[in-house]
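Q: I'm new to this structure and would like a close look at a single part of it. Please pick one helix, go through it slowly, and then show me how similar features turn up elsewhere.

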Amino acid sequence: MIFKHGWWRHTDDLSDVLHERPDNRNDARIGFHHRLENDREQALRDNTLTLYFRNMGANDQSFIDAVSDHFDAQADAIEATLPDTASLTGNKRNMISAEYDIAPDEYNDFFAAYIAALEKGFTDLVVENPKLIAILDDIYTDAVAEIYDTQITMSTQ
């Protein structure tokens, strides 16, 4: 998982000082992820890394829906920022999918080639794509405000 600071908040108080999953699992997360264990056959067979932007499946359903709704409302703007390797999936969880070639012949081993492909994906989607990150940041902020700010305000009254 790769999170922008602030994209992983504890829902009880909206603090963003999380370094591991809270015991009560009350968190709201979005981020980029790759799953070699789940995509191992494709990675090994096709030498392809898949990097996703994910609305985490463990989020509360109301938050998943809010992120999805805000994402869908910005779909055209998001799509305009994506590199050629990436596309919108239409899925509420893995919302963007990007594929990168793994070139094991250019490295000492498969893992080094995999990390190089991951670095390319991170560079394309995050480092060199501030417009995409700004849109995703707004989506997250709006969804948190919609779902959790209201609940926190109501619970403190």
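**A close look at helix α4**

A: Let's start with the whole chain: of the contacts in the protein chain with a separation of 6 or more, 61% are between residues 24 or more positions apart, a contact being heavy atoms within 4.5 Å. Keep in mind that this is a predicted model, where local features need pLDDT of at least 70 and side-chain atom pairs count only at pLDDT 80 or more, while totals for chains, interfaces and linings use all residues. Residues are numbered from 1 along each chain as its sequence is written, and side-chain values use heavy atoms, with hydrogens and water left out.

The protein chain has 5 helices and 5 strands; these are DSSP runs, H or I with at least four residues for helices and E with at least two for strands, numbered from the N terminus. Along the sequence they come in the order β-β-α-β-α-α-β-β-α-α. Of the 157 residues in the protein chain, 41% are buried. Here buried means under 20% relative accessible area, exposed means over 50%, and partly exposed is in between (1.4 Å probe, protein chains only).

Now for the part to zoom in on: helix α4, residues 110-127. How far should its 18 residues span? The expected span is 1.5 Å times one less than the number of residues, so α4 should span 26 Å, and the 24 Å between its end C-alpha atoms agrees with that.

Look at the start of the helix. There, a side-chain oxygen of Asp109 comes to within 3.3 Å of the backbone nitrogen of Phe111. That is a polar contact: a pair of N or O atoms within 3.5 Å where, within protein, one must be able to donate a hydrogen and the other to accept it, and where residues adjacent in sequence count only if both atoms are side-chain atoms.

Next come two rings. The structure holds 7 aromatic pairs, and in one of them Phe110 and Tyr114 are tilted, at 6.5 Å centre to centre with 35° between the planes. To pair, rings of Phe, Tyr and Trp (its six-membered ring) need centres within 6.5 Å; planes under 30 degrees apart are stacked, over 60 edge-to-face, and the rest tilted. Phe110 and Tyr114 are 4 residues apart in α4, which means about one helical turn separates them. An α-helix has 3.6 residues a turn, so residues three or four places apart point the same way. Phe110 is partly exposed at 22% relative accessibility, whereas Tyr114 is buried at 4%.

Tyr114 has buried company in α4, including Ala113, Ala116, Leu118 and Leu125. Asp124 is on that list as well, with a relative accessible area of 12%.

Asp124 also forms a salt bridge with Lys120, their closest N and O atoms lying 2.9 Å apart. A salt bridge is a side-chain nitrogen of Lys or Arg within 4 Å of a carboxyl oxygen of Asp or Glu. Lys120 and Asp124 are 4 residues apart, about one turn of the helix. Unlike its buried partner, Lys120 is partly exposed at 45%.

Now step outside α4. The whole structure has 3 salt bridges. In one of them, Asp137 and Lys4 have their closest N and O atoms 3.5 Å apart. This pair links distant parts of the chain, with Asp137 in helix α5 (residues 130-156) and Lys4 in the segment before β1 (8-10), 133 residues apart. Asp137 is partly exposed at 22%, and Lys4 is partly exposed too, at 34%.

Lys92 and Asp65 form another salt bridge, with 2.7 Å between the closest N and O atoms. These two are 27 residues apart: Lys92 sits in the loop between β4 (86-88) and β5 (94-101), and Asp65 in helix α2 (residues 61-73). Lys92 is partly exposed at 39%, as is Asp65 at 24%.

Aromatic rings meet elsewhere too: ring pairs link Trp7, Phe32, Phe53 and Phe71 into a cluster.
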